[in-house]
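User: I have a model open and would like to learn how to read its features one at a time. Could you take me through them slowly, giving the general idea before the case at hand?

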Amino acid sequence: MTPTKYEHLLSLIAPAITKSSLRRETIGASERLKVTLRYIFGGTSQIDLAGMFRISPTSVGRIINETCIAIWTILLAKEYISYPRSEDEWKAIANEFEKKWNFFNCIGAIDGKHIVMQTPSRSGSFYFNYKKSHSIVLMAICNVNYEFTLIDIGDTGRNSDSVVFKNSKIGIAFESNLLHIPEPKKPNGSNVKLPYVLIGDEAFPLYLMKLYPKEILSLKKRIYNYRLSRARRIIENTFGILAARCRIFRKPIIANEKTVINVTKAATALHNYLMHGRQFEPLNQYCPLGFVDCETSSGLLAGEWRSNVSDYQGITTLQKQLGSNNYSRDAKAVRELFRDFFNSSRSGSMAI
């Protein structure tokens with residue numbers, strides 16, 4: 001974060017975290033923000049922060065929680081995290097996916113992560129996940145600029161991707177048609193209308209577009225998988241940037257579940273704040289050139305974030321869908337429409 005960015009962030013947050021007292025000198029807004037940023041981006045423990053800033057551990061915990069709530073609330077109000085509210089905004093996201101990743105009518109990539117934390121008091125197995133740790137779930141959808149557009153935080157770690165999506169406000173909104181998703185559209189040169197879709201991995205049910213799961217596939221299915229995998233890489237990189245920069249996720253978070261949720265909210269809001277306008281900032285320090293995956297003439301060049309998150313234990317992949325993962329005939333037909341379109345001459349390059 002540049003000094004200019006920090007001063008701008010402070011100007012936004014300061015009114016909400018400034019304290020006053022007639023009895024003693026208060027801790028200033030700038031110091032409160034520094035403590036919180038050091039906790040999120042530096043991964044420094046609350047005990048160590050107390051020694052570094054000469055503040056009591058109790059006050060450090062309270063400052064972090066209050067400041068995280070302020071960061072989330074204010075950056076949300078300033079629309080650094082903002083979901084598309086009209087058909088035109090959804091279409092703008094789809095156009096960017098088409099231009100950059102050659103995937104038509106895609107309105108976002110979706111995935112989820114476990115945010116690992118210490119065992120909550122008297123929680124039993126409520127937060128216990130299949131990796132034998134306790135966690136909450138961060139479910140998110142992103143656009144092509146590696147910015148979160150829709151976020152759901154706080155479901156219990158014992159659930160899989162598809163269950164979390166179904167129970168989340170995001171899933172309910174999509175199921176109830178509350179988000180003004182555009183009607184199906186014919187890609188240029190095609191006679192077939194393709195619906196607007198989210199793309200995810202095999203953990204999700206098929207009402208989201210996902211990969212064909214079998215290892216031995218026909219050429220048409222391999223081409224479809226290739227095209228979807230290229231576009232879905234966006235959400236992998238978005239979570240990768242978040243994990244690499246926010247070192248609080250390097251190990252389980254030592255805090256109660258409410259604080260963990262507030263810290264996660266603040267981290268995602270700060271991610272969007274620092275990524276905002278990145279395409280116009282060649283020297284962006286949060287996500288510089290080469291930090292994310294890119295395609296070159298010689299093939300895929302892995303982003304630098306991958307080498308930074310190899311030993312992270314605080315943010316992990318969600319459990320894959322278990323059981324038969326049944327889906328409707330309509331959902332199967334939609335995937336076959338995309339498969340056939342990607343294998344036609346109208347869809348552009350079909351190289352795998």
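Analyst: What follows is a walk through aromatic pairs, charges over rings, cysteines, unusual backbone angles and strand pairing, and throughout you should remember that this is a predicted model.

User: Let us start with the rings: how is a pair of aromatic rings described, and how many aromatic pairs does a search of the whole structure find?

Analyst: In general, two values describe a pair of aromatic rings, namely the distance of the centres and the angle of the planes. Here, a search of the whole structure finds ten aromatic pairs. One of them joins Tyr80 and Tyr273, whose ring centres are 5.1 Å apart and whose planes make an angle of 75°, so that this pair is edge-to-face, the term for planes over 60 degrees apart.

User: Where do Tyr80 and Tyr273 lie, and what does their pair tie together?

Analyst: Tyr80 belongs to the loop between α4 (57–77) and α5 (87–101), whereas Tyr273 is in helix α9 (residues 257–275), so the pair ties together parts that are 193 residues apart in sequence.

User: Are these two tyrosines buried or exposed?

Analyst: Burial is judged from the relative accessible area, and a residue counts as buried when that value is under 20%. Tyr80 has a relative accessible area of 18% and is therefore buried, and Tyr273, at 1%, counts as buried as well.

User: Which residues do ring pairs link into a cluster?

Analyst: The cluster is made up of Phe103, Phe104, Tyr212, Tyr224, Phe338, Phe341 and Phe342, which are linked by ring pairs.

User: Which charged residues sit over a ring, and at what distance from its centre?

Analyst: The thing to look for is a lysine or arginine whose charged end lies over the face of a ring. Lys5 lies over the face of Tyr273, the tyrosine we have already met, at 4.5 Å from the ring centre. In another case, the charged end of Arg245 is placed over the ring of Phe291, 4.2 Å from its centre.

User: Turning to the cysteines, how many disulfides are there, and why are Cys68 and Cys106 not bonded to their closest cysteine sulfurs?

Analyst: The test is the distance between two cysteine sulfur atoms, which must lie within 2.5 Å, and by this rule the count comes to zero disulfides. For Cys68, the closest cysteine sulfur is that of Cys246, and because it is 10 Å away, it is too far for a bond. For Cys106, the closest is the sulfur of Cys142, which at 8.7 Å is also too far for a bond. Cys68 is buried, with 0% relative accessibility, and Cys106 is likewise buried, with a relative accessible area of 0%.

User: Which residues have a positive phi although they are not glycines, and where are they found?

Analyst: Here one reads the backbone angle together with the place in the chain. Glu79 has a positive phi of about 65° although it is not a glycine, and it lies in the loop between α4 and α5. Glu79 is partly exposed, with a relative accessible area of 49%. Asn177, also not a glycine, has a positive phi of about 55° and is located in the loop between α7 (169–175) and β4 (197–199). Asn177 is exposed, its relative accessible area being 67%.

User: How should I read the surroundings of a buried residue such as Thr238?

Analyst: One sets aside the neighbours within four places in sequence and asks what else is in contact with the residue. Thr238 lies in helix α8 (residues 219–245) and is buried at 0% relative accessibility. Its contacts, counted in this way, are with Cys142, Tyr146, Phe148 and His271.

User: Finally, which strands pair with β1, and in what sense?

Analyst: Strand pairing is read from the bridges and from the direction in which the strands run. Strand β1 (residues 106–117) is mostly covered, with twelve of its twelve residues buried. It runs parallel to β4, to which two bridges join it, and Cys106 has Val197 as its bridge partner there. With strand β2 (residues 134–142), β1 pairs in the antiparallel sense over nine bridges, and Ile110 stands opposite Ile141 in β2. Three bridges join β1 to strand β7 (residues 315–317), and these two run antiparallel.

User: What do β2 and β3 form, and how many residues lie between them?

Analyst: β2 and β3 form a hairpin with five residues between them, and Tyr146 in the turn has a positive phi of about 60°. The two strands pair in the antiparallel sense over seven bridges, with Leu150 in β3 as the bridge partner of Ile141.

Conventions
Residues are numbered from 1 along each chain as its sequence is written. This is a predicted model: local features need pLDDT of at least 70, side-chain atom pairs count only at pLDDT 80 or more; totals for chains, interfaces and linings use all residues. Side-chain values use heavy atoms; hydrogens and water are left out. Rings of Phe, Tyr and Trp (its six-membered ring) pair if their centres lie within 6.5 Å; planes under 30 degrees apart count as stacked, over 60 as edge-to-face and the rest as tilted. Helices (H or I, at least four residues) and strands (E, at least two) are DSSP runs, numbered from the N terminus. Buried means under 20% relative accessible area, exposed over 50%, partly exposed in between (1.4 Å probe, protein chains only). A charge sits over a ring if NZ of Lys or CZ of Arg is within 6 Å of the ring centre and within 35 degrees of the ring normal. Contact means heavy atoms within 4.5 Å. Two strands pair if DSSP finds at least two bridges between them.
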